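Let's take a walk through this protein together. Have the sequence and the 3D view at hand as you read.

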Amino acid sequence: MQLRIGQGYDVHAIADGLPMWLGGVPIPSDRGFVAHSDGDVAIHALCDALLGAAALGDIGLHFPDNSSEWKGADSKELLRRVVEMLAAKGWKPGNADITIALQAPKLRPHIDAMRNTLAPILKLPADAVSVKATTTERLGFVGRGEGCEAWAVVTIIPL
Ligand code: MG
C-alpha cells in the first residue's frame, strides 16, 4: 500500500487575557495564545504535517498571517481546507499523533474532547487520532509559561 508520512511543528506565545484553543476545543484559562488566527498550535502543527506529507507547502503559504481573511480564524476551518487540498491530490489522512508542550493548565481533562473534535474533520475514527500532552518540567520558554509548542506526525494514504 502507498503510504506517506508528514511532520509539523508550531509555537505560539502566551499572554494574559487571551483565549486558549487547543485541538479545536476551548481550554479554560485566564491566559491564551498571541496569534493572527485563534492560535491553536496543535491544529497548526497537524495542518503542517498533512501538507508536508503531500508536499503541498505549509500553513503560512496557504493561510498567510497578513491576510484579513484569516484574522481570528477558527483553526478547525483551516484543517478542513487542508483535508480538502489533500483530497484534491488523491490523499486522505491515515492517522495522526500530536504532542503538545504546555506548562499550565493541565490538558489531561481535554484530551478526549480534542480527539473527538479532530477525528471527524480528518474523516478518521477517534482511535486513529492521538493527542498527548506534556509539561517541560518548568524548563525553557514553555516551562516559564511564555509559550506553547506542538508537534504532529501523520500518515496519509490514497483516497
Ligand atoms: Mg500557528
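A donor here is an N, O or S atom within 2.8 Å of the metal, and water is not among the atoms, so sites may look incomplete. Please keep in mind that this is a predicted model.

With that in hand, the metal site is a good place to begin. Along the sequence, the residues that supply donors to the magnesium ion follow the spacing D-x1-H-x31-H. They are Asp10, which offers OD, His12, which offers NE2, and His44, which offers ND1, and they lie 2.2 to 2.3 Å from the magnesium ion. Are Asp10 and His12 buried or exposed? Asp10 counts as buried because its relative accessibility of 16% falls under the 20% cut-off. His12 is buried as well, with a relative accessible area of 15%.

Stepping back, let's look at the whole chain. The protein chain is built from 5 helices and 7 strands. Their order along the sequence is β-β-β-β-α-α-α-β-α-β-α-β. How does the radius of gyration of the protein chain fit a compact globule? For 159 residues such a globule would have a value near 15 Å, and the protein chain has 15 Å, so the two agree. The C-alpha trace spans about 45 × 35 × 25 Å along its principal axes.

Inside the fold, 47% of the 159 residues count as buried. Among contacts with a separation of 6 or more, 71% join residues that are 24 or more positions apart. On the outside, the protein chain exposes about 7800 Å², of which carbon and sulfur atoms supply 54%. As for charge, there are 15 positive and 18 negative side chains, and the centres of these two sets lie 4 Å apart.

Two further residues are worth a visit, and the table sets them side by side.

| Residue | Place | Relative accessibility |
|---|---|---|
| His110 | loop between strand E5 (91-101) and helix H4 (111-122) | 18%, buried |
| Pro158 | strand E7 (residues 147-158) | 31%, partly exposed |

Which residues does His110 touch, not counting those up to four places away in sequence? They are Val25, Ile27 and Pro28.

Pro158 has contacts with Gln2, Gly90, Trp91 and Lys92, leaving aside neighbours within four places in sequence. One of these partners, Gln2, is 156 residues from Pro158 in sequence, yet their C-alpha atoms are 6.8 Å apart in space.

How values were computed:
Residues are numbered from 1 along each chain as its sequence is written. This is a predicted model: local features need pLDDT of at least 70, side-chain atom pairs count only at pLDDT 80 or more; totals for chains, interfaces and linings use all residues. Side-chain values use heavy atoms; hydrogens and water are left out. Donors are N, O and S atoms within 2.8 Å of the metal (3.2 Å for Na, K and Ca); water is not among the atoms, so sites may look incomplete. Buried means under 20% relative accessible area, exposed over 50%, partly exposed in between (1.4 Å probe, protein chains only). Helices (H or I, at least four residues) and strands (E, at least two) are DSSP runs, numbered from the N terminus. The radius of gyration is taken over C-alpha atoms; the globule rule is 2.2 Å times the number of residues to the power 0.38. Contact means heavy atoms within 4.5 Å. Accessible areas come from the Shrake-Rupley method with a 1.4 Å probe; for residues, only the protein chains shown count as cover. Lys and Arg count as positive and Asp and Glu as negative; His and the chain ends are not counted. The place of a charge is taken as NZ of Lys, CZ of Arg, CG of Asp or CD of Glu.
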